[in-house]
Number of protein chains: 2
Amino acid sequence: MKNISRRTVDRALIYIRTLEHLIKEKRYLVSSKDLALITGISDVQIRKDISSFGKVGRPRIGYKTAELNKTLKGFVLQENVVHVALFGVGHLGTAILRYPAFNEDNIKLVAAFEKDKSKIGKKINGVRVYPVEMAPKIIKRTHADLGIIAVPASHSQEVADIMVLSGLRGIVNFAPASISVPKSVIVKDIDFTIELLSLFCNSQR
Amino acid sequence: MKNISRRTVDRALIYIRTLEHLIKEKRYLVSSKDLALITGISDVQIRKDISSFGKVGRPRIGYKTAELNKTLKGFVLQENVVHVALFGVGHLGTAILRYPAFNEDNIKLVAAFEKDKSKIGKKINGVRVYPVEMAPKIIKRTHADLGIIAVPASHSQEVADIMVLSGLRGIVNFAPASISVPKSVIVKDIDFTIELLSLFCNSQR
DNA sequence: CAATGTGAAACGCTTCACAGCG
DNA sequence: CGCTGTGAAGCGTTTCACATTG
């Protein structure tokens, strides 16, 4: 029930994902050691994370999967559905629109934006594609919280500016270039090239 | 010239990406403060990172972009081309195969693997699609270093097992499920759902 | 005994403060 | 002065060691 760190929240999301899988398999109990084996996170770390949300485990027995899942979700997600706007409907953008896991998991793609006129007006997996100029209006109307940048690096900054202007509070940036935003907006960069090169460098020792 | 941490290597890759952009714009000099403004990383952090590769900057002047880029690349990449194998040629896998930035950046996709027979034998963006059973043979033949998991979570563990068996030393896992591998193999998880939820949780404070 | 829960120690990373240099 | 380079301090996170519990 203490101050919950960013890292703890991120791991909590992994616990939730794991627990939902275990619940589907009709598993009722799980120990921190079991979770450690599945997730690769240390058992002490897991107990420490979980205990920061309250005392829900029982010595000698472990945690009830459903109860623990409910507790964690209550703290980190609070039954919210996250509304997301996508910028860029190229190969990657389309793959994101068709990503199956979003449906179940508290995430709703509310709109997509594109420059290329041949794509505008279409619906992909139920999501309408709009011209970029309409972003501020549509984002406000749909109450989008977060945005995804899936446009080429050469246009990522101008898209980021529109996102900030539209009131989005967080950005996942798939473009291989840094973007500048006010520090009230959180950015998570995912550059496929850097992820691979990082892995390679770190596997070389 | 000291012990270079994992975090420093990751940031070095960002510096390299930024420097190559600056070099393309014919910029010859850059200060740590300039780089800080572009990347969002603090100027002290940047100087500390760079100095761990040697003294290449000049007080009052800054760093020569081309020289710094060469130094960083020399340490972290050593002119290697990273050979990557892709598992899963669905929407995401196809987007990865068509990802434009790989061509320039020391990364070569050497093979793709699929279960679905209708996709096998095709070439996408110059990369041949093979049946999964051929993975160990093809991976050895092509000297692949790393693998990407872009299959559904329900098959991610069996694919991971094949990757380990084939001798891959690092895995980027896009499936929304944890995988178990020997600790000699490094895993980088990228779960779109978790990235978005994490961003949302952390933007709520 | 086999599990959770937790203060304290250890560790790694970032920031501070400032020396050095042209 | 304006920049790099760096030892030391500060901070956050993980691990250790162990008390606690049914």
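**Figure 1. Close-up of B:Ser32 at the backbone of DNA strand D in the predicted model.** An N or O atom in the side chain of B:Ser32 is placed 2.6 Å from a phosphate oxygen of DNA strand D. Two residues of chain A also approach phosphate oxygens of this strand: the side chain of A:Arg11 does so through an N or O atom at 2.7 Å, and A:Ser42 through a polar side-chain atom at 3.3 Å. Helix H1 (6-24) and H3 of chain A, together with H3 of chain B, are the elements that give two or more residues to the surface near DNA strand D. The largest contribution is that of H3(B), with four residues.

**Figure 2. Overview of the protein surface near DNA strand D.** DNA strand D is surrounded by 24 residues, of which A:Arg11, B:Ser32, B:Arg47, B:Lys48 and B:Tyr63 are the closest. Of the atoms of DNA strand D that come within 4 Å of the protein, 62% belong to sugar and phosphate. The surface near the strand comprises ten charged, eight polar and six nonpolar residues.

**Figure 3. Polar contacts to DNA strand C, at both phosphate and base.** A polar side-chain atom of A:Ser32 is located 2.6 Å from a phosphate oxygen of DNA strand C. A:Gly57 approaches a phosphate oxygen of the strand through a backbone N or O atom, at 3.1 Å. A:Lys48, by contrast, is directed to a base: one of its polar side-chain atoms lies 2.8 Å from a base oxygen of DNA strand C. Two or more residues of the surface near this strand come from each of helix H3 (43-51) of chain A, helix H1 (6-24) of chain B and helix H3 (43-51) of chain B. H3(A) gives the most, with four residues.

**Figure 4. Overview of the protein surface near DNA strand C.** There are 23 residues around DNA strand C, and those that come nearest are A:Ser32, A:Arg47, A:Lys48, A:Tyr63 and B:Arg11. Sugar and phosphate supply 59% of the atoms of DNA strand C that come within 4 Å of the protein. By class, nine residues of this surface are charged, eight are polar and six are nonpolar.

**Figure 5. Relation between chain A and chain B.** Chain A is superposed on chain B by a rotation of 180° with 0.0 Å of shift along its axis, at an RMSD of 0.0 Å. This is the relation of a two-fold axis. Both copies use the same surface, as 100% of the contact residues of chain A recur in chain B.

**Figure 6. The largest cavity, lined by residues of chain A and chain B.** The whole structure contains two cavities of 30 Å³ or more, and the largest has a volume of about 50 Å³. Chain A lines this cavity with A:Phe192, A:Glu195 and A:Leu196, and chain B with B:Ile96, B:Phe102, B:Ile148, B:Val172, B:Phe174 and B:Ile190. Helix H8 (residues 192-203) of chain A gives the most to the lining, with three residues. The lining holds eight nonpolar residues and one charged residue, with no polar residues.

**Figure 7. The second largest cavity, also lined by residues of chain A and chain B.** This cavity encloses about 40 Å³ of space. Its lining consists of A:Ile96, A:Phe102, A:Ile148, A:Val172 and A:Phe174 with B:Phe192, B:Glu195 and B:Leu196. Here helix H8 (residues 192-203) of chain B gives the most, with three residues. Seven of the lining residues are nonpolar, one is charged and none is polar.

Notes:
Residues are numbered from 1 along each chain as its sequence is written. Chains are lettered from A and ligands numbered from 1 in the order in which they are written. This is a predicted model: local features need pLDDT of at least 70, side-chain atom pairs count only at pLDDT 80 or more; totals for chains, interfaces and linings use all residues. Side-chain values use heavy atoms; hydrogens and water are left out. A residue is near a molecule or strand if one of its heavy atoms lies within 4 Å of it. A polar contact is a pair of N or O atoms within 3.5 Å; within protein, one must be able to donate a hydrogen and the other to accept it, and residues adjacent in sequence count only if both atoms are side-chain atoms. Ala, Val, Leu, Ile, Met, Phe, Trp, Tyr, Cys and Pro count as nonpolar, Asp, Glu, Lys and Arg as charged, and the others, Gly among them, as polar. Copies are superposed by least squares on the C-alpha atoms of residues with pLDDT of at least 70 in both. Contact means heavy atoms within 4.5 Å. On a 1 Å grid over the protein atoms alone, a cavity is a set of points where a 1.4 Å probe fits but cannot get out, and a pocket is an open set with protein on both sides within 12 Å along at least five of seven lines; lining residues have an atom within 4 Å of a point. Grid points are joined across faces, edges and corners, and a volume is the space filled by probe spheres set on the points.
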